[in-house]
Amino acid sequence: MRISIVTDSTCDLSEPLIQKYRITVLPLYVTLGDQSYQDGINIISSDIFRYVEQNGNLPKTAAISVAAYADCFRALAKDADAVLCITLGSGFSSCCQNARIAAADFENVYVVPEQEQPDGNFSTVAYPNPEDEKAFALALALAKKVDADVIMATDPDADRLGVYAKDSV
């Protein structure tokens, strides 16, 4: 099975890792004053830090659009059996929600209904991190119901990923 991976630019993966695993990275938008940039394309973290230090103003950000996610998923799905999308957590950004909306146009994509809306309180789990198997309880129940092959979860800032795959043996 060939799986394509897409993530957002908040992942801050190294270029060698992106190339090795052929990861597609979609940029968030960063606005500094009246100028808008694409994270990782025409602005990097050090530029943002320098701006804040010099101006005392915090940047504004904008999530990746539903259309950008849909275009990316469509392109990747042409050559892959599955597209795995890892976003910034729903408690922090609308990237997760936008990816979910885009994914709705594809078959065999499911989102845990209780976790579909952004919730910075993470009220459906005791501890919102994928190293705690209890964080997967709702996803595992849905996976059993729909006979899913793979489920995944990230921690709130998306720097850790947990994956369950159906035993094919």
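Helices here are DSSP runs of H or I with at least four residues, numbered from the N terminus. The model is predicted.

**Exercise 1. The salt bridge in helix α3**

Task: State how far apart Arg-74 and Asp-71 lie along helix α3, and how their side chains meet.

Solution.
1. Both Arg-74 and Asp-71 belong to helix α3, and three residues, about one turn of the helix, separate them.
2. Their side chains form a salt bridge with an N to O distance of 3.2 Å. The cut-off for such a pair is 4 Å.
3. Side chains of opposite charge can pair when their charged atoms come close.
4. Partly exposed residues lie between the limits of 20% and 50% relative accessible area. Arg-74 has 41%, so it counts as partly exposed. Asp-71 has 48% and is also partly exposed.

**Exercise 2. The salt bridge in helix α2**

Task: How many salt bridges does the structure hold, and what is the N to O distance in the one between Asp-47 and Arg-50?

Solution.
1. There are two salt bridges in the structure.
2. In the one that joins Asp-47 and Arg-50, the N to O distance is 2.7 Å.
3. Helix α2 covers residues 45–55; Asp-47 and Arg-50 are three residues apart in it, so about one helical turn lies between them.
4. Asp-47 has a relative accessible area of 25%, which makes it partly exposed. Arg-50, at 42%, is partly exposed.

**Exercise 3. Length and buried side of helix α3**

Task: Check the length of α3 against its residue count, then find where its buried residues lie around the axis.

Solution.
1. Helix α3 runs over residues 66–77, which is twelve residues.
2. The expected span is 1.5 Å times one less than the number of residues. For α3 this gives 16 Å, and the end C-alpha atoms are 16 Å apart, so the two values agree.
3. The buried residues of α3 are Tyr-69, Ala-70, Cys-72, Phe-73 and Leu-76.
4. These residues take up an arc of only 165 degrees around the axis, so they are on the same side of α3.
5. Among the elements that cover them are β1, β2, β6 and α4 (95–103).

**Exercise 4. Two open sheets**

Task: For the sheet that contains β1 and the sheet that contains β3, give the strand order, the pairing and the edge strands.

Solution.
1. One open sheet has three strands in the order β2-β1-β6, with parallel pairing.
2. Its edges are β2 (23–26) and β6 (82–86); each has a single partner strand, so one side of each has no neighbour in the sheet.
3. From one strand to the next, the twist averages 25 degrees.
4. Strand β1 (residues 3–8) is joined to β6 by five bridges. Ile-3 stands opposite Ala-82 in β6.
5. Another open sheet has three strands in the order β4-β3-β5, with antiparallel pairing.
6. Here β4 (35–38) and β5 (60–62) are the edge strands, and each pairs on one side only.
7. Neighbouring strands in this sheet are turned by 25 degrees against each other on average, direction ignored.
8. Three bridges link β3 (residues 29–32) to β5. Thr-31 has Lys-60 in β5 as its bridge partner.

**Exercise 5. The surroundings of Tyr-164**

Task: Which residues does Tyr-164 touch, not counting residues up to four places away in sequence?

Solution.
1. Tyr-164 is part of strand β8 (residues 161–165). At 32% relative accessibility, Tyr-164 is partly exposed.
2. The residues touched by Tyr-164 are Glu-133, Phe-136, Leu-140, Asp-149, Val-150 and Ile-151, with those up to four places away in sequence not counted.
3. Ala-139 is 25 residues from Tyr-164 in sequence and 9.6 Å from it in space, C-alpha to C-alpha.

Conventions: Residues are numbered from 1 along each chain as its sequence is written. This is a predicted model: local features need pLDDT of at least 70, side-chain atom pairs count only at pLDDT 80 or more; totals for chains, interfaces and linings use all residues. Side-chain values use heavy atoms; hydrogens and water are left out. Two strands pair if DSSP finds at least two bridges between them. Axes are lines fitted to C-alpha atoms, for helices over the stretch in contact, and angles run from 0 to 180 degrees between N-to-C directions. Buried means under 20% relative accessible area, exposed over 50%, partly exposed in between (1.4 Å probe, protein chains only). The arc is that of the directions from the helix axis to the C-beta atoms. Contact means heavy atoms within 4.5 Å.
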